[in-house]
Amino acid sequence: MKKILLTAALLFAGITASLADNNERPITLDKLPVAAQTFLKTHFADLTLAYAVEDPKLVGSEYEVIYTDRTEVDFRSNGEWSSVERKYAAVPASIVPVQISDYVAKSNFSNQIIKKIERNSYTWEIELSNGIEIEFDKDFRVIDIDD
């Protein structure tokens, strides 16, 4: 019985590892979920697409869109954005919650722009043009500052 369980566990681990391997594949923008397409048209219509990839997971897929100016936008399987990073410009102000914008404007960072923003169910994280990273909880209270 122990041998069967061990064999099953090893087989499951092997299958999981092979699925987790780099399975990214290039896609066209029309293959993105509708919510992702709408987000890109709304906020990045003036940029030129470099490439887009789909990263299949055990359940659903994640997506990454890269523009020629090195702007990177990541999406969850449902098409909601999870992160936006701009190398040479600020992220669109319309995607930054007012509480975060107000914090940056009223703090010692008022002369900095937000170059990156990430979100998940519990936290928001931004990176400013000077490299400082600020993490907020779901209620937009600062929980960490890294420089």
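**Close-up views of a predicted model**

**View 1. The two sides of helix α2.** On one side of helix α2, V34, K41 and T42 are exposed, in a model that is predicted rather than determined by experiment. On the other side of this helix, which spans residues 34-43, the residues A36, Q37, F39 and L40 are buried. These four cover an arc of only 160° around the axis, and they therefore lie on the same side of α2. An α-helix has 3.6 residues a turn, so residues three or four places apart point the same way. The cover over the buried residues of α2 includes three strands, namely β3 (61-67), β4 (72-75) and β5 (81-85).

**View 2. The surroundings of S83 in strand β5.** S83 has its place in strand β5, and with a relative accessible area of 9% this residue is buried, because the cut-off for that class is under 20%. The side chain of S83 is joined to the side chain of D74 by a polar contact of 2.9 Å. When the neighbours within four places in sequence are left aside, S83 is in contact with E72, V73, D74, I117 and E118.

**View 3. The tilted pair of F39 and F44.** The count of aromatic pairs in the model comes to 7. In one of them, the ring centres of F39 and F44 are 6.1 Å apart and the ring planes stand at 55°, so the pair is classed as tilted. F39, a residue of the buried set in helix α2, has a relative accessible area of 10%, while F44 is likewise counted as buried, at 2% relative accessibility.

**View 4. The edge-to-face pair of W81 and W124.** The rings of W81 and W124 have centres 6.0 Å apart and planes at 65°, and the pair is therefore edge-to-face, planes over 60 degrees apart falling in that class. This pair links distant parts of the chain, since W81 belongs to strand β5 and W124 to strand β7 (residues 123-128), with their positions 43 residues apart in the numbering. Both tryptophans, W81 and W124, are buried. Over the ring of W81 sits the charged end of R119, at 4.2 Å from the ring centre.

**View 5. The aromatic cluster.** F39, F44, Y67, F75, W81, W124 and F140 form one aromatic cluster. Among its members are the tilted pair of F39 and F44 and the edge-to-face pair of W81 and W124. Through F39 the cluster includes a buried residue of helix α2, and through W81 and W124 it includes residues of strands β5 and β7.

Key: Residues are numbered from 1 along each chain as its sequence is written. This is a predicted model: local features need pLDDT of at least 70, side-chain atom pairs count only at pLDDT 80 or more; totals for chains, interfaces and linings use all residues. Side-chain values use heavy atoms; hydrogens and water are left out. Buried means under 20% relative accessible area, exposed over 50%, partly exposed in between (1.4 Å probe, protein chains only). Helices (H or I, at least four residues) and strands (E, at least two) are DSSP runs, numbered from the N terminus. The arc is that of the directions from the helix axis to the C-beta atoms. Contact means heavy atoms within 4.5 Å. A polar contact is a pair of N or O atoms within 3.5 Å; within protein, one must be able to donate a hydrogen and the other to accept it, and residues adjacent in sequence count only if both atoms are side-chain atoms. Rings of Phe, Tyr and Trp (its six-membered ring) pair if their centres lie within 6.5 Å; planes under 30 degrees apart count as stacked, over 60 as edge-to-face and the rest as tilted. A charge sits over a ring if NZ of Lys or CZ of Arg is within 6 Å of the ring centre and within 35 degrees of the ring normal.
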